[in-house]
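Visitor: I would like a close look at one part of this model, starting from a helix and following its contacts outward. Please give the cut-offs as you go.

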Amino acid sequence: MINPFDDNYFMKKALEEAQAAFDKGEVPVGAVIVIDNRIIARAHNLTEQLNDVTAHAEMQAITSAANFLGGKYLENCTLYVTLEPCQMCAGALYWSQISKIVYAANDPKRGCGAMGTKLHPKTKMTGGLLEKEASDLLKRFFIQKRNLN
């Protein structure tokens, strides 16, 4: 039997969150956290709306998932996020002990890989899933921002 709930399915849900951020004038990054093929947290960037530099999609999703699970550790959970986590988010993901991170677009300047940030030893991370879709949304956002200024 084919499982419709694969990495592509969940990354598309993260892209829906990124679109919601785009529609609000936020940098279009979206995230979902999944356990046992069930989305337990959905989030997108809210840094402008909340006037909070820490209100990244991943941070919002971590808090939501921890509240759902009733504990601070996200073992057996997977984060799907449309942009490679930054150093701040990677640090929070380290402490959450999340099992897996799947991201779409690389962030060669501010991503955790470029910054040399360490993840928890039990955390697996892969990138590039639906990268074009995520990158195109980010590019459209920044072109629109430049044209408005």
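Visitor: About how many helical turns separate E16 and K13 in helix α1?

Guide: E16 and K13 are separated by about one helical turn, because they are three residues apart in helix α1. The model is predicted, so local features need pLDDT of at least 70 and side-chain atom pairs count only at pLDDT 80 or more, while totals for chains, interfaces and linings use all residues. Residues are numbered from 1 along each chain as its sequence is written, and side-chain values use heavy atoms, with hydrogens and water left out.

The side chains of E16 and K13 form a salt bridge, with 3.7 Å from N to O. The term means a side-chain nitrogen of Lys or Arg within 4 Å of a carboxyl oxygen of Asp or Glu. The helix itself is a DSSP run (helices are H or I of at least four residues, strands are E of at least two, both numbered from the N terminus). The two partners differ in how much of them is covered: K13 is buried at 18% relative accessible area, whereas E16 is partly exposed at 45%. Here buried means under 20% relative accessible area, exposed over 50% and partly exposed in between, with a 1.4 Å probe and protein chains only.

Helix α1 takes part in another salt bridge as well. D7 meets K100 through their side chains, again as an N to O contact, at 3.7 Å. D7 lies in helix α1 (residues 7–23) and K100 in strand β4 (residues 100–105), so this pair ties together parts that are 93 residues apart in sequence. Both ends of that contact are partly exposed: K100 has 27% relative accessibility and D7 has 28%.

The whole structure holds three salt bridges. The one not yet described joins the side chains of K132 and D136 at 2.7 Å, N to O. Both residues belong to helix α6 and stand four residues apart, which is about one turn of the helix. K132 counts as exposed at 57% relative accessibility, and D136 as partly exposed at 31%.

Back in helix α1, Q19 offers a way on towards the strands. Q19 is partly exposed, at 28% relative accessible area. From Q19 to V29 the separation is ten residues in sequence and 7.9 Å in space, C-alpha to C-alpha. One step further in the numbering is G30, where strand β1 (residues 30–35) begins.

β1 belongs to an open sheet of five strands in the order β2-β1-β3-β4-β5, with mixed pairing. The edges are held by β2 (38–44) and β5 (124–127), each of which has a single partner strand, so one side of each is left without a neighbour in the sheet. Strands count as paired if DSSP finds at least two bridges between them.

On one flank, β1 runs antiparallel to β2, and six bridges join them. G30 has H44 as its bridge partner in β2. The hairpin of these two strands has two residues between them, and D36 takes a positive phi near 50 degrees there.

On the other flank, β1 is antiparallel to β3 (residues 77–83), with five bridges between them. A31 has V81 as its bridge partner in β3, and V32 stands opposite Y80 in β3.

In a regular strand the side chains alternate between the two faces of the sheet. For β1, one side carries G30, V32 and V34 and the other carries A31, I33 and I35, and all of these are buried, so that both faces are covered. That matches the count for the strand, in which six of six residues are buried. β3 is likewise mostly covered, with seven of its seven residues buried.

The route then returns to the strand that holds K100. β3 pairs with β4 over five bridges, in the parallel sense. Y80 stands opposite V102 in β4, and Y80 is also the residue opposite V32. Strand β4 contains K100, the partner of D7 in helix α1, which brings the path back to the helix where the request began.
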